[in-house]
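Here's a quick briefing to read alongside the structure. Have a look at the fold first, then work through the notes below.

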Amino acid sequence: MSRIGVFICQCGTNIADTVDTEKVAEEMKKIPGVVHTQDYKFMCSSPGQKMLKEAVKKHRLDGMIVSACSPHMHEKTFRRACESAGINPYMCEIANIREQCSWVHHDKTKETGTVKSLDLTRMTIERLKKNQPLKPNKIPVNKRALIIGGGIAGIQAALDIADGGREVLLVEKTPSIGGNMAKLSETFPTMDCSQCILTPKMVEAELHENITLMTYSEVEKIEGFIGNFRVTIRKKARYVNEELCTGCGDCWDKCPFKQDSEFEHGLKKRKVIYTPFPQSVPNIPVIDAPNCAMLQKGKCGVCAKVCGPKAVDFEQKDIVVEEKVGAIVVATGYDLMPNEHFGEYGYGRIKDVINGLQFERLASSSGPTGGKILRPSDGKEPQSIVFIQCAGSRDEKKGVSYCSKICCMYTAKHTMLYRHKVHDGQSYVFYMDIRSGGKRYEEFVRGAIEKDGAMYLRGRVSRVYEKDGKVIVQGADTLSDSQVEIEADMVVLATALVSRPGADTLAQKLGIGYDKHKFYNEYHPKLKPVETVTAGIFLAGTCLGPMDVPESVAQGSAAASKVLVLTSSDEMIKDPTTAIVNDFTCNACWDCVVACPYSAIEKTDIKDREGNVIRRLAHVNDGVCTGCGTCVAACRSKAIDLKGYTDEQVYAAINAF
Amino acid sequence: MSQENTEETQATETTETFEPKIMAFVCNWCTYAGADLAGTSRMEYRPNVRIIKLPCTGRIDPLFIIKAFENGADGVLVSGCHPGDCHYTAGNYHAKRRWIAFRSLMEFTGIDTRRLQFSWISASEALKWVDLINNVTDEIKALGPFMDFKNLKG
Amino acid sequence: MKAMYLKKAELGKLISSVQDSGALFVGPVVDAGNVVYKEIGSASELTGDYIIPVTTYKQWVFPQTEVVATFAVTKEGVDLDGVDLDPPDVVVFGARACEAASLASLRSVFTWGEDDEFYTRREDRITVITVGCTAIDDECFCTTVELSPASTTGSDIYLRETTDDEYMAVAVTKKGEAFIKAHHGVFHQKRAAEPELVELKLPEPIKGIKKEKISAWLARTDNYQSELWPRLTRKCFGCGACTFSCPTCHCFDITDEGTAFGGERRKNWDACQFDHFTAHASGHNPRDTQFKRWRNRFMCKFKYYPDKFKTTGCVGCGRCIRVCPVRLDITEVMEEISQISE
Amino acid sequence: MEKALREKARELLTTGEANVIIGYEWNRRKTRATPAFITKADEVDRLIFNPLCVNNLSIYLTRKNKDILRMGKPAIVAKGCDIKNIVVLISEGQVKREDVVIIGMSCNGVVYKQGLWKGELRPEIMPVKCHNCDVRNPHLTDFVIGDHIDFTPPETPRGMVFDKIAALDAKTPGERWSFWLEEFSRCIKCYACRQACSLCYCERCITEKNVPQWIETSAHQRGNIAWNLVRAMHLAGRCTFCGECERSCPANIKLNLVNQKLVLTVKDAFDFKSGYDEKIHPPMIVFSPDDTENFIK
């Protein structure tokens, strides 16, 4: 038989005004298992808590009920008091007789409130009789972090975590870190040179003693859970020994074969052995295997011949490594919507219709034209450029429903860069709305219009075609209610930002959610913007959705701070309210595995001594389980239960109703 | 147990004096907090509801509801976070599916569906909670004691 | 006592007379497509068109669920309050000879050691009126277990149908005699000529089955492990319909139902065919597969019962065969055992 | 057809592709079909297939029948409707597809209960599932025995069960309650419905769980209502309407009505039909944010 103490709080007059607390204390004495009851003015005050602790000792209590305010208010307080008095804190339950009783039933005769308080307290007592002492789960935490994606968000996160003293593994798919930001010429609204602010960070990441770079590598598999992830990474063969290579460039100078440069978006060729761009980190080339004559046909090998340190290695193979980390930051970035969506704008058909990133390359002093704005078709300087905004964005029928957010700003930037480089050039911008929320952003756009003479036309473009070496743009100007036809030399599309191809596959490997556009879901859009439903996995940058550089950096830092919190101690303390499987009655139907929103339930095998599987069982990973209980309701045989909210506890409460 | 109640209710309670017993299964994060807010805002509502707090509507099993009726509940209320707002991301979606099937079953077996009410109430919707409790209480009061279940032979 | 007669047309009178005496009148009626025993109000509810009802009348001596005590939870502990049973008089009309023989078997169990008054008090107040069978089906095998439609064991009154729509009634027991006396207005003595009786239908005894051989085979302990058991009975999936429709099965479970404040202790039918019937609290289950449970049922009927009580455990009513969803036929097992026992 | 079946069985047993054939044989009097377990090639001639073969043998693939699982790899004689249950068992991890040989039987229908058989299969003695059958040519098989059957089920399912559901739906809740109270009051808690169902494969049925005892085990109205509601709920989205529970019920409770009602509900609400795709999870454990209802306030 339990020895329960019941404490009724008067909360000054907050409860006592409408509840006869003395009567509640009297009545509760009659319940089997209750050995002590008491009402008091302020249970949460320090004399109140002292009284409570003394009662525990005096009456040898093994559980207690505090009928007081909402558990959201003082459950922690009383459980702590319980613990310091020597009983398990989970043997303390709160009956909410203030927020859900005395404050909402204003009957001054106290009858209404007293009757309800009696019921609520009695139900809680019966529930408490079925409580079990619980211990918080302690989970060891591996202090290394994995960053997936070496763009600005990933670099920022890596640097912050590394500066915090934790080891970081930065995995990048392409041969160099830097991401999309490395392609930009200048950045709005300050017009800093993108390379100038990014390159030092890239170098810092390369040199940081706590950061290990794994470029040209991809995450293949992720197992485990918060604090204890096992990550399988494929390091693709570079065919260049990273240890030996000095990055001198002799190999790519001499390589006789050329391909379109991915980094330059096809505006320039690169060699078959190459680094994506001159400031690549690491400055070690890779061989584009499918296009290499040596690797495909065994003929050539010039690069190997000219390589002083003999770093070229045609025998190199992919290497698969397993790494253990405690936290993961996903910062895989964005892509531009593919060409085929913009038939009416002539993209891919008309050479002088380009996208925003191509324009960035044209404007970049390290770009294919050395920073001169020249048309791709004939290399002439365009005298007029039409910028078309919302190419694909905010267009549910042909593109995507969302706003790509950064295009208004970079288009304004483009018009400025154009005017700065071609002083008599005229730019036209077709827009739907100008969205320039942000510090100094509106002023920036006004500057483009007022100082740099960009002609903004509110309307959509209906058709783009070539005529006599010009690109003709037909559209509407809805403000003057007129049809517009512009003979332009070049057209720049502000193409929609979309998620990376394969974003969904990676999300499935990680067990994180994604929306219909395959952008990753944050745990809570307001309060947990960089967390995911999978504990220990965080998000940063444009893999969440379109955002600009400062936001990406902020998110990188935010994710890093989350990682640092997680890795600040050797063990993580987790609430013991987790599900638990009864091995005898589990059917291995995996309903719980499927229903669990957190992938916290695993399929396990029970083997005999010879190693034959004799049974299969569901097993809850306490590290991942958040205690929602969805699995319990899904389990037909009730072979799974939720500690702290067991079937027995609920049943007891219903039975005392 | 219920037999006792039956005699008692039949003997003494007419619709005038009848005070229904209503059991509410609510989630910790939205509806429970919403009900707390009603208190903090000193709103007033009918005193007939007894809450059982659960972490999430996903935890709520039809067994709870059946047992509540067996134990003499005249009405049962189930409430949690609005779709999309679940603290555990999806528990309420699971719950919704379960309720769709269970309610259809109740309807088909002739269990008065007015005795079982479902609602989404967020942590800020104190007023909605108050209205819900008042409406449900009045509705069930008008329906009278849930004799279908109370009369079941034990 | 001499044979008396009862006009079929006057059954209604009998029912009223029984009801006037304060007793329940139970007889075969059609319910949801099944002929079952039910308490009836008037003769029109009765059916005469049946081989044997699907359910037994044992529920009036051994109800499927009954309260044996009530309890209240108090500060001091649990107050248990036993039930002092005062059952009504029950008249079962239209029983069959096979089934009537089962009451003796049930009584042996419920009076073994301590009397189970929940049984005996009920049985004391039941009057069984058997009607001799004039139709049979493939599943009937009373003659194979040494009973027949003409057996009067267990009946209080035995009726035979006559060709002129009457029953000839013979009181078998004192209780039967008393019943006829009590309702003498409905029974009458026959006129001059003896009436012609409708011929009884007897099932052909199954030739291959030899009861003594079964007993001998079962007595050999090594046969408990015989391959015959799984081979013949593994198709059983343990539904328990056989035990619940069997007139001699008698297993029960005690269970408490209630709330935090109190409740009832109940005696409920249970069945050896259920997989948790022998499950231990540890999780171990000595009868862990279905054939072992089925073997137990067979052993119970043909060995344990006769050994312990010298009464029959199987009356050949054939209900278990009719209700079996996998058509596991107990006579096929009896036949095979008889044959391998040669 | 039987000849082909026996040949296939012989071949499977001889080659060792299967260790036991789970099929049908005659009872002693040759009046009823009954499940058979054939382990020797020279016993395959016991196998039969005809409209009396009503049993859904998939029950013998479940964890409830451990001694049968121990007999080795099974080859199961299965009608299309039986295969639906095997599909669910596979999707719920109870059976691995590669661990069972499915001998699919082309089927023109079976009798509702064997007792109705008078030597000829007439529409009146067939269960509703047969009249609406879309798997007369079985769908998930290793082998098919029998010729292709040309049969198109009616576009909207027809038959007594559907008529009765419609009739009940049209009644008042009070009338429906009386109807079911009467039906469920006949329940004797023998659990034949559960035992006959291959999808009720729990190690421990919820009604046998006594800490806490959610469902009262007594066969009184309260316990019967609770049991029948929960049984139906546990089959929601899973039941394939094979009808074994109703066939096995000694009290003739109209379980097909309540099962089919939930089949229809799940079809309407979640656009799901059980028993067709072994790679899809049953609908009650997954969700769609687009699920619609009209009762949550």
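Chain A splits into four pieces: domain 1 (4-129), domain 2 (145-331 + 529-566), domain 3 (334-498) and domain 4 (575-655). Keep in mind that this is a predicted model. The notes below go from the domains of chain A to its overall shape, then on to chain D and the nonpolar cores.

**Domains 1 and 4 of chain A**
- Measuring between centres over C-alpha atoms, domain 1 of chain A and domain 4 of chain A sit 33 Å apart.
- Where they touch, domain 1 of chain A puts in five residues and domain 4 of chain A puts in six residues.
- On the domain 1 side of that contact in chain A, you'll find two nonpolar residues, three charged ones and no polar ones.

**Chain A overall**
- Chain A carries 18 helices and 34 strands.
- Its radius of gyration is 33 Å, whereas a compact globule of 657 residues would come in near 26 Å.
- Along the principal axes, the C-alpha atoms of chain A take up a box of roughly 100 × 75 × 40 Å.
- Buried residues account for 53% of the 657 in chain A.
- Looking at chain A contacts with a separation of 6 or more, 70% join residues 24 or more positions apart.

**Chain D and its contact with chain A**
- Chain D meets chain A through 17 residues of its own, against 15 residues of chain A.
- The chain D side of this contact breaks down into nine nonpolar, four polar and four charged residues.
- Chain D has 10 helices and five strands.
- With a radius of gyration of 20 Å, chain D agrees with the value near 19 Å for a compact globule of 297 residues.
- The C-alpha trace of chain D spans about 60 × 45 × 45 Å along its principal axes.
- In chain D, 54% of the 297 residues are buried.
- Of the chain D contacts with a separation of 6 or more, 71% are between residues 24 or more positions apart.

**Nonpolar cores**
- The largest nonpolar core has 385 residues, and those touching the most other members are Ile147(A), Ala158(A), Leu170(A), Val329(A), Val92(C), Ile21(D) and Val77(D).
- Helix 4 (residues 91-108) of chain B gives this core its largest share, nine residues.
- Leaving out residues up to four places away in sequence, Ala158(A) touches Ile147(A), Val168(A), Leu170(A), Ala205(A) and Ile211(A).
- There's also a second, separate core of 53 residues, with Phe188(A), Tyr345(A), Tyr428(A) and Ala488(A) among them.
- As background, nonpolar side chains tend to be buried together in soluble globular proteins.

Notes
Residues are numbered from 1 along each chain as its sequence is written. Chains are lettered from A and ligands numbered from 1 in the order in which they are written. This is a predicted model: local features need pLDDT of at least 70, side-chain atom pairs count only at pLDDT 80 or more; totals for chains, interfaces and linings use all residues. Domain bounds come from an automatic or database domain assignment. Two residues are in contact if their C-beta atoms, placed from the backbone, lie within 7 Å. Ala, Val, Leu, Ile, Met, Phe, Trp, Tyr, Cys and Pro count as nonpolar, Asp, Glu, Lys and Arg as charged, and the others, Gly among them, as polar. A nonpolar core is a set of buried Ala, Val, Leu, Ile, Met, Phe, Trp, Tyr and Cys residues joined through C-beta atoms within 7 Å. A residue is buried if 20 or more other C-beta atoms lie within 10 Å of its own, exposed if 12 or fewer, and partly exposed in between; C-beta atoms are placed from the backbone. Helices (H or I, at least four residues) and strands (E, at least two) are DSSP runs, numbered from the N terminus. The radius of gyration is taken over C-alpha atoms; the globule rule is 2.2 Å times the number of residues to the power 0.38.
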